[in-house]
Amino acid sequence: MASFFVALAASPRSSSRSRALLEIAIARLQAQGAEVRYFRLEDFVAQDLLAPHISSPSLQEWNDAVARADGLLLATPVYKASFSAGLKALLDVLPERGLKDKVVLTLSTGGSKRHQLAVDHGLRPVLSVLKAVIVSESLHASEEEARRDSSGQLQWQPAVLQRLEKVLQQFWRQLPAPRGIDQSQLRQSILAARISV
């Protein structure tokens, strides 16, 4: 049976770097045969994020998907020294211990490398309270590590894609059951990734 993952792009901007980074990761997991349910903030009614109603269809779908997932990929921009408020709202509607035995990988982008502290000191404790199995290394990419070319395509520095490969391998290794991932194929597909935004 294929692994099932939930991925969340917690930026409200469709052209955000954090979303583009997440989409590379999703493509790599799907290339390995995994099923991925991809959520974006715009999939949820704004009122439900401000004053969550668990009976809302979009929040029920989120909860149901998380409940059956083997793992989650959470991508957030960092601004004002904090992770996305939309991400916090969606974590808040999960039941107590709602991430028990779920492997969680965090991806973030921000103005500088120092912004990773917002994930390490802000997001990781929230995930711990929900009893997630947190991948030991997260991935943070600063603005200077991704530039748009003349056609508007986002070009990542090779070091970012190498770090993504490393954290995805850790993600697979921490899953509870053995997964048949081809490490060399994963490396080639990540390094060859190009995302048009």
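**Exercise 1. A serine in a loop**

Leaving aside neighbours within four places in sequence, which residues is Ser-138 in contact with? Work with the predicted model shown above.

*Solution.* Start by placing the residue: Ser-138 belongs to the loop that runs between β5 (133-134) and β6 (139-142). Next, check its exposure. The relative accessible area of Ser-138 is 12%, and buried means under 20%, so this loop residue counts as buried. Finally, list the partners: once the neighbours within four places are set aside, Ser-138 contacts Thr-106, Gln-116, Val-119, Asp-120, Arg-124 and Val-167.

**Exercise 2. The overall picture**

Find how many helices and strands the protein has, and what share of its residues count as buried.

*Solution.* Begin with the secondary structure, which comprises 7 helices and 8 strands. Then turn to burial: 52% of the 197 residues count as buried. For the outside, the accessible surface comes to about 9300 Å², and carbon and sulfur atoms hold 51% of that area. As a last step, look at how contacts spread along the chain. Among contacts with a separation of 6 or more, 76% are between residues 24 or more positions apart.

**Exercise 3. Rings that meet**

Locate the aromatic pair formed by Phe-5 and Phe-171, and classify its geometry. Then do the same for Phe-39 and Trp-62.

*Solution.* A search of the whole structure gives 5 aromatic pairs. In one of them, Phe-5 and Phe-171 lie 5.0 Å apart centre to centre with 55° between the planes, a tilted arrangement. This pair links distant parts of the chain, with Phe-5 in strand β1 (residues 4-9) and Phe-171 in helix α6 (residues 158-173), 166 residues apart. Phe-5 has 0% relative accessibility, so it counts as buried. Phe-171 counts as buried too, because its relative accessibility is 0%.

Now for Phe-39 and Trp-62: their centres are 5.3 Å apart and their planes meet at 85°, which makes the pair edge-to-face. Here strand β2 (residues 35-40) supplies Phe-39 and helix α3 (residues 57-68) supplies Trp-62, with their positions 23 residues apart. Both Phe-39 and Trp-62 are buried.

To finish, return to the Phe-5 and Phe-171 rings: together with Trp-172 they form one aromatic cluster.

**Exercise 4. Charges over rings**

Name the ring over which the charged end of Arg-40 sits, and the ring whose face Arg-68 lies over.

*Solution.* Take Arg-40 to begin with: its charged end is placed over the ring of Tyr-38, 3.8 Å from the centre. Arg-68, in turn, lies over the face of Phe-4, at 3.7 Å from the ring centre.

**Exercise 5. Helix α4 from cap to core**

Work out what caps the N-terminal end of α4, and which elements its buried residues pack against.

*Solution.* At the N-terminal end, Ser-84 acts as the cap, with a side-chain oxygen 3.1 Å from the backbone nitrogen of Gly-86. Within α4 (residues 85-92), the buried residues are Gly-86, Leu-87, Ala-89, Leu-90 and Leu-91. These pack against β1, α2 (46-50), α3, β3 (71-77) and α5 (116-129).

**Exercise 6. A leucine in a strand**

Decide whether Leu-107 is buried or exposed, and find what it touches.

*Solution.* Leu-107 is part of strand β4 (residues 103-110). Its relative accessibility is 1%, so Leu-107 counts as buried. Not counting residues up to four places away in sequence, Leu-107 touches Leu-21, Leu-22, Ala-25, Leu-74, Ala-75, Thr-76, Leu-139 and Leu-164. As a distance check, the C-alpha atoms of Leu-107 and Ala-141 are 8.2 Å apart, although 34 residues separate the two along the chain.

Methods
Residues numbered from 1 in each chain as written. Predicted model: local features only at pLDDT ≥ 70, side-chain atom pairs only at ≥ 80, totals over all residues. Heavy atoms only, no water. Helix = DSSP H or I, 4+ residues; strand = E, 2+ residues; numbered from the N terminus. Buried < 20%, exposed > 50% of the residue type's maximum accessible area, 1.4 Å probe, protein only. Contact = heavy atoms within 4.5 Å. Areas by Shrake-Rupley, 256 points an atom, 1.4 Å probe, with all protein chains shown as cover. Phe/Tyr/Trp six-rings, centres within 6.5 Å; stacked < 30°, edge-to-face > 60°. Lys NZ or Arg CZ within 6 Å of the ring centre and 35° of its normal. Polar contact = N/O pair within 3.5 Å; in protein donor to acceptor, adjacent residues only side chain to side chain.
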